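Please follow the chain through its sheets and the helices packed against them, with the sequence and the coordinates side by side. The paragraphs below take the parts in turn.

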Amino acid sequence: MSYYGANYWRARWASWQDARAGRLAEANARLGGLKLPGDRGPVFWLQGGSEHDDLRLGVELARAISDKRRDLRMILTFEREDAALFPETTRGIERLGYGFGPCAHPRALATTLERLHPLRYLGLGRVPSPALARLLDEKQIPALAIAAPATGTVSATPWEAVYPRSQEQYQQWQSLARNVGLQEPVDFLTLVTVAQVEPNFRNLILGSQGDALFWVTGLQEGDWAAWTAAWQNSPLHRRGLLFLEGTGAPVSLPVLSKWRREPVEVGSILRVDEARWHPALAAACDAVHLLAVGTMQLWQIFAGGRPLSQGLALHWALPSTLAAEPTQLAQPAAVLQHWAAVLAEPIAAREEADAYRRYFWQERRAAAERLPEFLQRVFDW
């Protein structure tokens with residue numbers, strides 16, 4: 001079950017269902033039964049939700065903290081287990097425990113705080129629930145937030161520092177009529193973005209048959225047929241390959257994870273089914289169209305330095321102003337026409353791509369300068 005709200009009986013019912021199914025860790029944690037790593041040392045509670053990017057950020061911050069503060073025990077909680085992260089990315093991080101977190105009922109949260117006695121609380125992409133905010137205030141447990149939007153619960157929280165991810169989040173926090181230790185916008189995910197990729201993927205998958213690769217992210221169930229038809233009706237399909245990524249894909253579409261490291265027939269469409277392909281695609285594709293995109297994925301695309309276009313409804317939440325303005329396009333046929341223009345004007349395409357790449361390195365340098373300050377804060381507790 002996935003219930004993490006504030007209704008106690010719904011939480012008990014969900015935990016009963018989990019216990020019957022053998023999911024004892026989730027059942028116990030929902031009601032506050034968390035276990036700490038190690039025997040001694042102060043505790044730092046990092047609370048995430050179900051977003052992959054926020055949990056990845058928590059893992060990497062825990063890795064950096066582990067090197068800085070040897071006595072600190074850390075516990076990272078989540079509401080959905082992410083097989084792409086746990087346990088693989090946590091290997092080698094000392095004194096880190098992770099697992100399902102408590103629901104938002106005051107009794108479960110009180111039990112959690114009694115078990116943890118945390119030195120500090122950190123919200124990853126979130127702020128505390130109203131009940132948790134009140135408990136943190138009552139127990140005078142200082143709180144931090146990273147990459148979290150400001151909501152109505154922030155006023156009851158004893159904030160020590162807030163690190164917004166974007167200008168939009170910064171402005172939300174800035175509008176509050178109280179001191180929250182607000183820091184300038186920064187995205188520490190840039191520090192774990194794969195920035196240098198060998199260009200082998202393009203040569204391996206195209207061989208000598210074609211000269212163009214294209215990538216579309218964020219498709220929904222009703223989008224696949226339109227993109228397939230537009231691709232088949234475009235002259236571009238005789239020049240290369242199309243990579244589509246999103247939800248609700250037809251089961252008949254070949255997936256990139258099954259690719260056997262040999263040239264694929266020109267005109268083919270492949271579904272991107274694993275995030276591990278993002279660095280290679282970002283470095284190899286001639287152009288990328290974004291219908292929807294996660295934060296980590298966007299930084300990867302910026303680092304790859306590709307010409308971009310986007311859907312009409314897409315909004316990017318960035319730490320600073322991006323000088324380049326991607327073309328906004330609504331229909332697949334219009335995107336394919338745009339890609340043809342990109343191939344026809346390589347100098348302009350390179351200038352646009354370089355602007356995105358420079359922006360990535362600008363924000364990565366800013367994050368590298370800010371991380372020592374955060375780690376020193378942890379060290380000084």
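At what angle do the axes of helix 4 and helix 5 cross, and within what distance do they come? In this predicted model, the axes of helix 4 and helix 5 (residues 130-138) come within 9 Å and cross at roughly 40 degrees. Helix 4 and helix 5 are therefore oblique to each other, and their crossing is right-handed. On the side of helix 4 the contact is made by Pro106, Leu109, Ala110 and Leu113, and on the side of helix 5 by Ala131, Leu132 and Leu135. Sorted by class, the contact of helix 4 with helix 5 has seven nonpolar residues, no polar ones and no charged ones.

Helix 4 also leads to a sheet, since the stretch of residues 106-116 lies across strand 1, strand 2 and strand 4 (118-124), running at about 145 degrees to strand 1. The sheet in question is an open one, in which six strands follow the order 3-2-1-4-5-6 with parallel pairing. Strand 3 (96-100) and strand 6 (159-163) stand at its edges with a single partner strand each, so one side of each is left without a neighbour in the sheet. Neighbouring strands of this sheet are turned against each other by 15 degrees on average, direction ignored. Strands of a sheet pair through backbone hydrogen bonds, either parallel or antiparallel. Here strand 1 (residues 43-47) and strand 2 (residues 73-78) pair in the parallel sense over five bridges, and Gln47 stands opposite Thr77 in strand 2.

Two loops around this sheet deserve a look at the backbone. Most residues other than glycine have a negative phi, and most peptide bonds are trans. In the loop between strand 2 and strand 3, where Pro87 is found, the peptide bond from Phe86 to Pro87 is cis, with omega near 5 degrees. In the loop between helix 4 and strand 4 lies His117, whose phi is near 45 degrees, a positive value in a residue other than glycine.

Before the sheet begins, the N-terminal helices offer a link between side chains. The structure holds 19 salt bridges, and one of them is the pair of Asp18 and Arg30, whose side chains meet at 2.9 Å, N to O. Asp18 lies in helix 1 (residues 8-20) and Arg30 in helix 2 (residues 24-30), so this pair ties together parts that are 12 residues apart in sequence.

Further along the chain comes another open sheet, in which six strands are arranged in the order 9-8-7-10-11-12, again with parallel pairing. Its edge strands are strand 9 (269-271) and strand 12 (327-328), each of which pairs on one side only. Within this sheet, strand 7 (residues 212-219) and strand 8 (residues 240-246) run parallel and are joined by six bridges, and Val216 stands opposite Leu244 in strand 8.

Which helices lie across strand 7? Helix 10 (residues 295-304) lies across strand 7, strand 8, strand 10 (287-290) and strand 11 (308-310), and runs at about 160 degrees to strand 7. Helix 11 (residues 332-344) lies across strand 7, strand 8, strand 10, strand 11 and strand 12, and runs at about 145 degrees to strand 7.

Both of these helices have helical partners as well. The axes of helix 8 (residues 224-232) and helix 11 come within 9 Å and cross at roughly 40 degrees, and the two helices are therefore oblique to each other, in a crossing that is right-handed. Helix 8 brings Ala226, Trp227, Ala230 and Trp231 to this contact, while helix 11 brings Pro332, Ala333, Val335, Leu336 and Trp339; by class, these residues divide into nine nonpolar, no polar and no charged.

Helix 10, for its part, packs with helix 12 (residues 346-380) at an angle of about 120 degrees, with the axes 6 Å apart. Helix 10 and helix 12 are therefore oblique to each other, and helix 10 passes helix 12 in a left-handed crossing. The contact is made by Trp299, Phe302, Ala303 and Gly304 of helix 10 together with Tyr356, Arg357, Tyr359, Phe360 and Glu363 of helix 12. The residues of this contact divide into six nonpolar, one polar and two charged.

Technical notes
Residues numbered from 1 in each chain as written. Predicted model: local features only at pLDDT ≥ 70, side-chain atom pairs only at ≥ 80, totals over all residues. Heavy atoms only, no water. Pairing = 2+ DSSP bridges. Helix = DSSP H or I, 4+ residues; strand = E, 2+ residues; numbered from the N terminus. Contact = heavy atoms within 4.5 Å. Axes fitted to C-alpha atoms, helices over the stretch in contact; angles between N-to-C directions. Parallel < 35°, antiparallel > 145°, perpendicular 65-115°, else oblique. Left-handed = near helix turned anticlockwise from the far one by under 90°. Nonpolar A, V, L, I, M, F, W, Y, C, P; charged D, E, K, R; others polar. Salt bridge = Lys/Arg side-chain N within 4 Å of Asp/Glu carboxyl O.
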